[in-house]
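Work through the exercises below with the sequence and the model open side by side. Try each task before reading its solution.

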Amino acid sequence: AAVLPLSASPPLARHLAGPFRGMRRAQVPAQRVDAEWGCRCGATNPAGAKLCQTAGCGTWFCLGCGRLGHQLVYCKATRQAAPQAVTAPPEPAAVPAAEHAAEHAAGAAGAAREMRSVEVWGLPTRTTEFDLFALFSGVGRVVDVRLPASAAASSSSAAASAARVEMGSVRDAQAALGLDGAELCGATIAVRRGGSDAS
């Protein structure tokens with residue numbers, strides 16, 4: 001039997017001379033998916049092939065990201081990149097026209113926050129933020145609850161200052177005003193628009 005020189009056998013020569021021969025899968029850089037690709041066994045495979053054509057190799061080539069070791073259907077990079085390219089940015093939530101106009105008429109964000117806030121007067125000293133949150137969640141979405149510093153820091157009377165409850169919208173704040181005269185922790189509370197006095 002005659003032995004052919006390497007130059008007479010192109011597939012074998014290409015197999016032995018592959019640029020990624022002996023490299024670990026993580027070391028092989030991403031390759032173009034529309035061109036021939038090199039396998040870590042040393043073979044050069046045709047464009048469009050997703051499995052190394054060397055007998056016994058079994059290395060997968062991703063036609064999405066150009067990396068070795070997985071198929072396109074399991075490609076994390078393609079799954080993460082595709083939704084970003086396909087989906088449009090989320091549209092802002094629809095806001096009723098009156099609420100939208102009221103918030104923009106207020107001007108700055110602080111003024112809009114003021115319009116969504118109510119003050120709660122006449123709180124007993126044992127009142128917690130959770131108590132206020134539970135009560136006001138019954139009429140709308142609660143964004144923030146702030147107890148008076150005197151009630152939070154010591155056992156002094158909280159009746160001298162008001163707690164602030166920021167609601168999710170102007171409409172929710174309007175609904176929260178309906179809790180004026182409600183009972184909380186055994187005391188009758190007064191609910192006023194933010195910036196009002198307890199009178």
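**Exercise 1. Surroundings of threonine 59**

Task: List what threonine 59 is in contact with, leaving aside its neighbours within four places in sequence.

Solution. Step 1: apply the contact rule, heavy atoms within 4.5 Å. Threonine 59 then meets Trp37, Cys39, Arg40, Lys50, Leu51, Cys52, Leu68 and Gly69.

Step 2: place the residue. Threonine 59 is found in the loop between β2 and α2. Helices (H or I, at least four residues) and strands (E, at least two) are DSSP runs, numbered from the N terminus.

Step 3: check its accessibility. Buried means under 20% relative accessible area, exposed over 50%, partly exposed in between (1.4 Å probe, protein chains only). Threonine 59 has 7%, so it is buried.

A note on the source: this is a predicted model, in which local features need pLDDT of at least 70 and side-chain atom pairs count only at pLDDT 80 or more, while totals for chains, interfaces and linings use all residues. Residues are numbered from 1 along each chain as its sequence is written, and side-chain values use heavy atoms, with hydrogens and water left out.

**Exercise 2. The aromatic pair**

Task: Find the aromatic pair and say whether it is stacked, edge-to-face or tilted.

Solution. Step 1: take the rule. Rings of Phe, Tyr and Trp (its six-membered ring) pair if their centres lie within 6.5 Å; planes under 30 degrees apart count as stacked, over 60 as edge-to-face and the rest as tilted. The count is 1 aromatic pair.

Step 2: read the geometry. The ring centres of tryptophan 37 and phenylalanine 61 are 4.4 Å apart, with the planes at 5 degrees, so this pair is stacked.

Step 3: locate the partners. Tryptophan 37 sits in strand β1 (residues 37–38), and phenylalanine 61 in the loop between β2 (44–45) and α2 (76–86). They are 24 residues apart, and the pair links distant parts of the chain.

Step 4: check burial. Tryptophan 37 is buried at 0% relative accessibility. Phenylalanine 61 is also buried, at 1%.

**Exercise 3. Cysteines**

Task: How many disulfides does the model contain?

Solution. Step 1: apply the cut-off, a pair of cysteine sulfur atoms within 2.5 Å. The count comes to 0.

Step 2: look at cysteine 57. Its nearest cysteine sulfur belongs to cysteine 39, 3.5 Å away, and cysteine 57 is in no disulfide.

Step 3: compare accessibility classes. Cysteine 57 is partly exposed, at 25%. Cysteine 185 is partly exposed, at 24%.

**Exercise 4. The sheet**

Task: Give the strand order of the open sheet and find its edges.

Solution. Step 1: pair the strands. Two strands pair if DSSP finds at least two bridges between them. The 4 strands run in the order β4-β5-β3-β8, with antiparallel pairing.

Step 2: name the edges. β4 (142–146) and β8 (190–193) each have a single partner strand, so one side of each has no neighbour in the sheet. From one strand to the next, the twist averages 25 degrees.

Step 3: add the helix. α5 (residues 129–137) packs on the sheet and touches β3, β4, β5 (163–167) and β8. Its direction makes about 145 degrees with that of β4. Axes are lines fitted to C-alpha atoms, for helices over the stretch in contact, and angles run from 0 to 180 degrees between N-to-C directions.

Step 4: follow the pairings.
- β4 and β5 share 4 bridges; valine 142 stands opposite methionine 167.
- β3 and β5 share 4 bridges; valine 118 stands opposite valine 165.
- β3 (residues 117–121) and β8 share 4 bridges; tryptophan 121 stands opposite alanine 190.

**Exercise 5. Nonpolar cores**

Task: Which residues have the most contacts inside the largest nonpolar core?

Solution. Step 1: define the set. A nonpolar core is made of buried Ala, Val, Leu, Ile, Met, Phe, Trp, Tyr and Cys residues joined through side-chain atoms within 4.5 Å.

Step 2: read off the answer. The largest core has 17 residues, and Val120, Leu132, Phe136 and Val165 have the most contacts inside it.

Step 3: find the contributors. β3, α5, β4, β5 and α7 (170–176) each give two or more residues. β5 gives the most, with 3.

Step 4: note the other core. Apart from the largest lies one of 9 residues, including Val28, Trp37, Cys41 and Ala43.
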